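Visitor: I am new to this structure and would like to be walked through it. May I ask short questions as they occur to me?

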Amino acid sequence: GFPSQIEDETIIKYIKGKYDVSSTLGREKVSTMSGICGILCNAFLCIMKFVIGTLTGSVSITADAFNNLSDAGSNVVTIAGAKLANKPVDKEHPFGHGRIEYISALIVSFIILLMGFELGKSSVQKIIKPEEVNFSVVSVVVLVLAISVKLWMAYFNNKLYKLTDNINLKAVCQDSLNDCIATGATIISLLVSHFTGFHHIDGIVGLLVAFAIVFSGV
């Protein structure tokens with residue numbers, strides 16, 4: 001729509017005016033900006049979800065919280081990768097260090113895979129031994145807020161990726177979208193568990209989300 005086009009142009013114009021995205025230094029600055037923003041947002045979401053997961057007894061919410069913690073780690077990797085990629089040419093690297101961006105992106109994907117496997121393991125345990133989840137409207141509202149934050153992060157990093165062609169930012173964008181899917185599935189499991197009494201749903205949904213996360217990591 002028209003408002004979103006104006007917003008797109010504003011973001012692009014601001015970044016292009018502040019950084020030379022065609023240079024390695026500009027790419028580093030943009031990646032660092034993305035990383036710092038991601039660390040702050042993911043730390044906030046991790047604390048918020050961990051508190052709710054503990055209060056409700058939901059394994060999917062708690063796993064989602066640790067997923068945000070791993071996302072913050074991914075953001076640190078993005079910043080480190082950008083810093084290293086901007087190192088000048090030396091004897092061992094006559095063409096520069098640009099390929100480090102791909103290595104750091106690979107590390108991000110590995111973190112995604114690891115979290116997918118861990119979530120899958122805890123979900124199987126919850127299917128075998130289901131427990132009642134304490135439902136509250138506040139929990140659902142907070143999780144919807146979390147999805148909103150992650151959608152914005154995906155949108156923001158996608159814009160930065162299109163400007164810089166930095167594969168790390170594409171990986172972070174995909175990771176943010178994964179979180180939206182995971183949190184959305186968690187909300188569904190909370191509602192189904194509360195209104196039907198089918199407590200296996202928490203583990204089942206967690207397992208489905210784990211498969212989706214592993215697939216995107218690959």
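Guide: The conversation below goes through the overall fold, the empty spaces and some individual residues. Please note that this is a predicted model.

Visitor: Good. How many helices and strands are in the protein chain?

Guide: The protein chain has seven helices and zero strands. Its pattern along the sequence reads α-α-α-α-α-α-α.

Visitor: And what share of the residues counts as buried?

Guide: The protein chain has 218 residues, of which 48% count as buried.

Visitor: What about contacts between residues that are apart in sequence?

Guide: If one takes contacts between residues at least 6 apart in sequence, 75% of them join residues at least 24 apart. A separate example of distance along the chain and in space is the pair Leu145 and Leu45: they are 100 residues apart in sequence, and their C-alpha atoms are 9.4 Å apart.

Visitor: Where is Leu145 placed, and is it buried or partly exposed?

Guide: Leu145 belongs to helix H5. Its relative accessibility is 42%, so it counts as partly exposed.

Visitor: Let us turn to empty space. How does one look for it?

Guide: A probe the size of a water molecule is rolled over the atoms, and this shows where empty space is left.

Visitor: How many cavities does the search find?

Guide: Over the whole structure, the search finds two cavities of 30 Å³ or more. The second largest cavity has a volume of about 40 Å³.

Visitor: Which residues line that second largest cavity?

Guide: Its lining consists of Asn42, Asp71, Ser74, Asn75, Lys150, Met153, Val172, Asp175 and Ser176. By class, the lining residues of the second largest cavity are two nonpolar, four polar and three charged.

Visitor: Which helices supply at least two residues each of that lining?

Guide: Three helices do so for the second largest cavity: H3, covering 59–85, H5, covering 137–164, and H6, covering 167–196.

Visitor: Lys150 is in that list. Is it buried or exposed?

Guide: Lys150 is buried, because its relative accessibility is 2%. Its place is in helix H5.

Visitor: And what does Lys150 touch?

Guide: Setting aside residues up to four places away in sequence, Lys150 touches Asn42, Leu45, Asn68, Asp71, Ser176, Asp179 and Cys180. Among these, Asn42, Asp71 and Ser176 also belong to the lining of the second largest cavity.

Visitor: Now the pockets. How much space lies in the largest pocket?

Guide: The largest pocket holds about 230 Å³ of space.

Visitor: What lines the largest pocket?

Guide: The lining of the largest pocket is made up of Ala105, Leu106, Ser109, Ile112, Ile167, Lys170, Ala171, Cys173, Gln174, Ser216, Gly217 and Val218. Seven of the lining residues of the largest pocket are nonpolar, four are polar and one is charged.

Visitor: Which helix gives the most to it?

Guide: H6 gives the most to the lining of the largest pocket, with five residues. Helix H4, residues 100–128, and helix H7, residues 201–217, also supply at least two residues each.

Visitor: I noticed a cysteine there. How many disulfides are counted?

Guide: The count comes to zero disulfides. Cys173 is in none, and the nearest cysteine sulfur, that of Cys180, is 9.5 Å away.

Visitor: Why is there no bond for Cys180?

Guide: The closest cysteine sulfur to that of Cys180 is in Cys173, and the 9.5 Å between them is too far for a bond, because a disulfide calls for sulfur atoms within 2.5 Å.

Visitor: Are these two cysteines buried or exposed?

Guide: Cys173 is buried, with a relative accessible area of 10%. Cys180 is buried as well, with a relative accessible area of 11%.

Visitor: Changing topic, how many aromatic pairs are counted?

Guide: The count is one aromatic pair. In this pair, the ring centres of Trp152 and Phe156 are 5.1 Å apart and the ring planes lie at 5°, so the pair is stacked.

Visitor: How are Trp152 and Phe156 placed in helix H5?

Guide: Trp152 and Phe156 are four residues apart in helix H5, so about one helical turn separates them. Trp152 is partly exposed, with a relative accessible area of 37%, whereas Phe156 is buried, with a relative accessible area of 12%.

Visitor: Lastly, where does Thr32 lie, and what is it in contact with?

Guide: Thr32 lies in helix H2, which covers residues 24–56. Apart from neighbours within four places in sequence, Thr32 is in contact with Ile79 and Lys83. With 14% relative accessibility, Thr32 counts as buried.

Notes: Residues numbered from 1 in each chain as written. Predicted model: local features only at pLDDT ≥ 70, side-chain atom pairs only at ≥ 80, totals over all residues. Heavy atoms only, no water. 1 Å grid on protein atoms, 1.4 Å probe; cavity = no way out; pocket = protein on both sides within 12 Å on 5 of 7 lines; lining within 4 Å. Points joined across faces, edges and corners; volume = space filled by probe spheres on them. Nonpolar A, V, L, I, M, F, W, Y, C, P; charged D, E, K, R; others polar. Phe/Tyr/Trp six-rings, centres within 6.5 Å; stacked < 30°, edge-to-face > 60°. Buried < 20%, exposed > 50% of the residue type's maximum accessible area, 1.4 Å probe, protein only. Contact = heavy atoms within 4.5 Å.
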